[in-house]
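Here is a short note to read alongside the model, written for someone meeting it for the first time. Please keep the sequence and the 3D view open as you go through the points.

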Amino acid sequence: MSATSAVQLKQNQMIVTFDDASVMQQVKKAIALMRGVKSITIPRKKRMCGLDRALKDVEEGRVTRWNSVDEMFEYLNKED
């Protein structure tokens, strides 16, 4: 019976922060040409779902409260 072990190679990483996102693709292409570069990953920005946006509206006070549905419809139907 032979024993096998998984050897995990240590990989070096570098994080670069940009002020201008328009240069990211150019830098990505330049880095890809360098010797020893195994992969380049640009993480996507997390998109907020509707619930997250609604919770942010509540936190920032962008909500309106009414005592009844009738009161809400009166507000929506009034002419300015």
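1. Start with F73, which sits in helix α3, the stretch covering residues 69-77. Bear in mind from here on that this is a predicted model. F73 has a relative accessibility of 43%, so F73 counts as partly exposed. In the 3D view, look for F73 together with V69, Y75 and L76: these residues make up a nonpolar patch on the surface. Together they offer about 420 Å² of accessible area.

2. It helps to step back to the overall layout. How many helices and strands does the protein chain have? The protein chain has three helices and zero strands, and read from the N terminus the order is α-α-α.

3. Now for exposure across the chain. Of the 80 residues, 0% count as buried. The accessible surface of the protein chain adds up to about 8800 Å², and carbon and sulfur atoms account for 52% of that surface.

4. Which residues pair up through salt bridges with R62? One partner is D57, with the closest N and O atoms 2.6 Å apart. The other pairing is with E60, where the closest N and O atoms are 2.4 Å apart. The structure holds two salt bridges. As general background, side chains of opposite charge can pair when their charged atoms come close.

5. How open to the surroundings are these charged residues? D57 has a relative accessible area of 26%, so D57 counts as partly exposed. E60, at 45%, is also partly exposed, and R62 is partly exposed at 49% relative accessibility. Through the shared partner, D57, E60 and R62 are joined into one network of salt bridges.

6. Next, have a look at the largest pocket, whose volume is about 980 Å³. The pocket is lined by 24 residues, and those closest to its centre are M14, I15, S39, I40 and T41. What classes of residue make up the lining of the largest pocket? The lining has 13 nonpolar residues, along with seven polar and four charged ones.

7. A last stop is Q13, found in the segment before α1, the helix that spans 24-32. Is Q13 buried or exposed? Q13 has a relative accessible area of 74%, and the cut-off for exposed is over 50%, so Q13 counts as exposed. You can also pick out V37 in the view: V37 and Q13 are 24 residues apart along the chain, and their C-alpha atoms are separated by 9.9 Å.

Methods:
Residues numbered from 1 in each chain as written. Predicted model: local features only at pLDDT ≥ 70, side-chain atom pairs only at ≥ 80, totals over all residues. Heavy atoms only, no water. Salt bridge = Lys/Arg side-chain N within 4 Å of Asp/Glu carboxyl O. Buried < 20%, exposed > 50% of the residue type's maximum accessible area, 1.4 Å probe, protein only. 1 Å grid on protein atoms, 1.4 Å probe; cavity = no way out; pocket = protein on both sides within 12 Å on 5 of 7 lines; lining within 4 Å. Points joined across faces, edges and corners; volume = space filled by probe spheres on them. Nonpolar A, V, L, I, M, F, W, Y, C, P; charged D, E, K, R; others polar. Patch = residues over 30% accessible without salt bridge, like charges linked within 9 Å, V, L, I, M, F, W, Y side chains within 5 Å. Areas by Shrake-Rupley, 256 points an atom, 1.4 Å probe, with all protein chains shown as cover. Helix = DSSP H or I, 4+ residues; strand = E, 2+ residues; numbered from the N terminus.
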